[in-house]
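Trainee: Could we go through the charged contacts in this model together? I'd like to follow the reasoning step by step.

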Amino acid sequence: MNLFSLKLLLIPILVLSPFALLLIEKLTKKKYITAKNISEDVIKTDEIESLVLAVLSSWNQSKLYQNSQFYSKNLLKKQDKHIVHNYMYGKKESIFDIQIEGINNLHQFKNKITVEISLKAKYSLSFDENDSLMYLVTSRSMSSYNEMLKNPLPERQTYQKDVQKWEFVIEENLFKVNKFSSNLK
C-alpha cells in the first residue's frame with residue numbers, strides 16, 4: 001500500500017470520527033425522564049425521594065453528622081472530606097430548591113439498590129475571602145460570568161436539570177445512601 005492510498009483511507013476516518021464520538025455519547029447519555037416508574041416491592045418512591053432530598057439539602061451545612069442517619073459510613077467519610085477540602089479553599093457549595101421529577105431503572109443487587117433520579121435544582125458555588133462573598137458561580141463558562149455578577153442572588157438562578165445514579169444500602173437496620181453522582185456543576 002503506498003502513502004497516497006493510506007492518506008485516502010485516513011481522511012474519511014478522521015472526518016467521521018467526531019460524528020461517531022457524538023453518536024456514542026448521545027446513545028450512552030442518561031435520559032431525563034419525568035416519571036416515577038419503579039416497582040415499589042423493594043422500596044417506595046416516597047422513601048427514595050425523602051433520602052435524596054435530605055442528602056442533597058445537607059450539602060448546605062458545614063457538618064454532615066447531624067444527618068448521619070441518611071448517609072452510609074462510606075458516603076459520610078467521602079462527603080466529610082469533600083466539605084473539609086472546600087473549607088480549606090474557601091469554597092461553599094449549595095444545592096437548593098430541589099425538585100425530583102423522575103425515578104427510574106431500579107436495580108437490586110445483593111445488599112444494594114441503584115436507581116436513576118431525574119431532578120432539577122439550583123446550585124451555587126461561592127468563594128469567600130475574609131468572610132465576604134466575592135462571586136457566585138453556577139456555570140464554569142466565562143460568558144455567563146458577567147451575568148452572574150449582575151444577579152448573584154440564589155433566587156435569580158435558573159434551575160439546572162440532572163440525571164444522577166444513586167446507590168442505597170441497608171446499614172444499622174436503616175436504609176441509607178451509599179453513593180451518588182452529582183453533576184449539577
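Mentor: Gladly! This is a predicted model, and a good place to begin is Glu172, which forms a salt bridge with Lys73.

Trainee: How far apart are the closest N and O atoms of Glu172 and Lys73?

Mentor: A salt bridge here needs a side-chain nitrogen of Lys or Arg within 4 Å of a carboxyl oxygen of Asp or Glu. The Glu172 and Lys73 pair meets that, with its closest N and O atoms at 3.8 Å.

Trainee: Which parts does that pair tie together, and how many residues apart are they in sequence?

Mentor: Glu172 sits in the loop between strand 4 (160-171) and strand 5 (174-180). Lys73 belongs to helix 3 (residues 73-88), so the salt bridge joins parts whose separation in sequence is 99 residues.

Trainee: Which residues are linked with Glu172 in a network of salt bridges?

Mentor: Glu172 also forms a salt bridge with Lys176, at 3.0 Å between the closest N and O atoms. The network therefore links Glu172 with Lys73 and Lys176.

Trainee: Is Lys176 buried or exposed?

Mentor: Buried means under 20% relative accessible area, and exposed means over 50%. Glu172, at 52%, is exposed, and Lys73, at 53%, is exposed too. Lys176 has a relative accessible area of 3%, so Lys176 counts as buried.

Trainee: Which strands do Lys120 and Glu101 lie in?

Mentor: The side chains of Lys120 and Glu101 meet in a salt bridge at 3.8 Å, N to O. This pair ties together parts 19 residues apart in sequence, because Lys120 lies in strand 2 (residues 112-129) and Glu101 in strand 1 (residues 91-108).

Methods:
Residues are numbered from 1 along each chain as its sequence is written. This is a predicted model: local features need pLDDT of at least 70, side-chain atom pairs count only at pLDDT 80 or more; totals for chains, interfaces and linings use all residues. Side-chain values use heavy atoms; hydrogens and water are left out. Helices (H or I, at least four residues) and strands (E, at least two) are DSSP runs, numbered from the N terminus. Buried means under 20% relative accessible area, exposed over 50%, partly exposed in between (1.4 Å probe, protein chains only).
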